[in-house]
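Please open the model in your viewer and keep the selection panel at hand. The stops below go chain by chain, with the cut-offs given where a term is introduced.

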Amino acid sequence: MRSLIALKMVIHDRSSTIGSLLGVVAIVFLVGQQLSIFFGLLNYMSVLVDHGNADLWVMSENIRNADSGNFISGRYIDRIIGLPEVDWAEPILIGNGLFRTPNGSYENVRVVGTKRPKLFMGPWQFEKSDERVLLDLESITVDSLDLDKLGNPPIDYITEINGKRVIVRGITKGARGFQGTLIFAPLEKVRDIAKIPPGRYSAILVKLKDVNKEEAIKKIRTILPKCSVYSKEELSKMTKIYYITNTGIGGSFGFSTMIAVLIGVVIITLTMYTSILGRTKDFAVIRAIGGRRKDIAVIIISEIAIIVISGVIIGFAILATYLNFTRNVEIPNYFPIFVIPALALGTIVVSFLGGLIALRVALKADPASVFH
Amino acid sequence: MIIKAVNISKDFYDGKQKRRVLLSINTEFYPGELTILSGPSGSGKTTLLSILGLVMSPSEGKVFLDDRDITGLSDDQSANIRLKYFGYVFQQPMLIEGLNLLENVLVALAVQGKRLSNKDYKKAEQILESLGLANSINLKPNQLSGGMKQRASIARALIKDPTIILCDEPTSSLDAGNGQIVMNILKKIAIEEGRIVIVVSHDARVLPYADRLIKLENGEIVSDTKEHSKIQKGVA
């Protein structure tokens with residue numbers, strides 16, 4: 001009956017209920033939206049490392065992230081391949097260039113060179129054509145998210161990067177780096193575009209046989225003391241942490257998430273407080289006719305639970321609509337499954353904290369006040 | 001069962017000084033009687049009712065239910081006594097707006113979380129029917145007249161089969177016709193059902209319904225009579 005009273009009160013006091021619901025929805029949606037952008041950017045930060053099918057990355061010494069290494073010698077490849085633990089080792093080249101758009105303007109692009117014919121660091125998802133297009137020396141791929149930015153070059157469109165002739169032969173999907181537009185090309189073409197000296201590479205990707213990874217890393221570090229050797233997971237994490245802590249992204253998202261939570265909690269607190277204040281007489285009557293303080297608490301907590309659970313469901317529905325809508329636009333978004341229960345739980349906790357002031361007011365209802 | 005006030009005094013503080021509003025009240029109330037507490041504003045009648053009804057503690061003195069001292073109980077113990085023995089009718093009906101009439105009555109039974117049975121629903125419907133509200137059980141308070149609301153609040157008081165019914169100016173917000181209906185119901189509850197009914201009122205129109213009239217002035221009982229002729233005159 002106490003839960004029924006709570007439900008009836010929530011339904012009856014529509015304006016307050018809508019206000020409180022708005023607070024909960026605001027927390028779920030605003031925080032969820034911030035987190036989806038944050039996780040989307042996290043994915044961009046380490047996109048090449050995460051999507052490359054290598055177990056280890058060998059780069060120049062003292063690197064702080066996957067994008068900041070110096071070039072290393074190609075001779076290291078032979079030393080690595082010589083180890084019995086190694087299945088294969090392939091070089092990649094990453095350079096910068098200016099892409100000439102169809103209207104004659106230029107856009108900064110990051111060019112990733114993959115070695116033919118294996119193409120181990122090639123694009124992982126295509127919207128049009130497939131990775132075989134990169135077997136042709138002049139071919140490049142552009143990403144569907146960057147088409148507008150690059151002036152919508154069609155397939156077989158001939159243009160230049162840093163004055164070097166290239167042909168758009170494929171459209172990738174989801175290949176976007178934290179530092180901007182990613183274009184894939186054969187390794188030799190990238191060397192030509194970025195003017196990288198022969199025999200020098202950005203990194204060597206290593207695939208291990210079925211062996212102990214830690215032991216293999218130690219062994220490669222021993223034979224290549226002037227290089228950084230990291231597992232895919234280590235390098236991915238290191239790159240993300242670097243960008244979060246060195247670009248202000250972490251603080252910025254942390255702050256905006258806190259503001260979103262604060263706005264939601266303030267809305268919930270104020271509306272619940274006003275609602276309970278307007279019904280103090282009801283609670284005084286309940287107390288007078290035999291209700292204990294804990295009975296009042298059960299009613300209020302039930303009210304908060306009804307509002308919060310409804311708000312969380314509505315909030316996630318709106319968030320899902322937003323995420324679906326922004327899936328194919330330039331706004332980065334990625335919402336890992338593990339965030340859903342964490343966000344729901346967090347919202348429930350802060351919403352209940354917001355409702356505590358209202359609970360305090362209700363518990364103070366004086367049964368004697370019902371007698372005039 | 002009787003309810004007894006022994007040397008009840010009550011002080012209020014207005015922030016600067018203590019003001020005594022009840023001075024050593026000694027009285028007892030018996031089943032089968034409708035007692036009216038009368039007196040001018042500020043005489044302490046509502047304060048006495050609040051103390052008898054365990055919603056306010058006396059500064060001095062004790063309240064007994066038979067021989068059981070019910071003063072100084074914990075918050076939960078007081079609530080349990082109120083739930084078990086007392087029914088309340090307030091000046092304003094104070095029904096919960098979100099609940100319909102039937103639910104407003106049942107809330108008095110289930111306020112501590114009791115699971116309601118079909119018997120409880122039937123009983124509530126019977127009480128509402130006996131008070132002329134059979135056709136209104138699904139209506140919300142804002143769809144009812146003042147008299148209907150007050151009758152519903154009496155139903156809420158009766159659903160628990162309380163030993164004592166405390167009424168605070170139950171007719172003051174009603175017109176003469178509805179006031180008569182309410183007082184007839186209260187009289188019937190006292191006489192036919194053998195309950196203790198205590199009514200605070202300064203409305204002379206309720207005096208004919210009283211079996212006993214207690215007059216308070218300046219926090220003291222100045223008269224207490226069961227003589228019908230005196231009650232009628234309201235002079236005791």
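Accessible areas here come from the Shrake-Rupley method with a 1.4 Å probe, and for residues only the protein chains shown count as cover. Select chain B to begin: its accessible surface comes to about 10,000 Å², with 45% of that area belonging to carbon and sulfur atoms.

Before going further, note that this is a predicted model, in which local features need pLDDT of at least 70 and side-chain atom pairs count only at pLDDT 80 or more, while totals for chains, interfaces and linings use all residues. Residues are numbered from 1 along each chain as its sequence is written, chains are lettered from A and ligands numbered from 1 in the order in which they are written, and side-chain values use heavy atoms, with hydrogens and water left out.

**Chain B**

Stay on chain B and colour by secondary structure, where helices (H or I, at least four residues) and strands (E, at least two) are DSSP runs numbered from the N terminus; seven helices and 10 strands should appear. Its C-alpha trace spans about 45 × 40 × 35 Å along the principal axes. The radius of gyration, taken over C-alpha atoms, can be set against a globule rule of 2.2 Å times the number of residues to the power 0.38; chain B has 18 Å, which agrees with the value near 18 Å for a compact globule of 236 residues. Of these 236 residues, 56% are buried, a term that means under 20% relative accessible area, with exposed over 50% and partly exposed in between (1.4 Å probe, protein chains only).

**Chain A**

Now select chain A, which has 11 helices and 13 strands. Its radius of gyration is 29 Å, well over the 21 Å that the globule rule gives for 372 residues, so chain A is more spread out than a compact globule. The C-alpha atoms of chain A fill a box of roughly 95 × 50 × 30 Å along the principal axes, and 52% of its residues count as buried. Contacts (heavy atoms within 4.5 Å) can be displayed next: in chain A, 79% of those with a separation of 6 or more are between residues 24 or more positions apart.

**A strand pair in chain A**

Zoom in on strand β13 (residues 227–231) of chain A, where four of the five residues are buried, so the strand is largely enclosed by the rest of the structure. Which strand is joined to β13(A) by five bridges? Strand β1 (residues 56–60) of chain A is, and the two run antiparallel; strands pair if DSSP finds at least two bridges between them. Finish by selecting A:Met59, which stands opposite A:Ser228 in β13(A).
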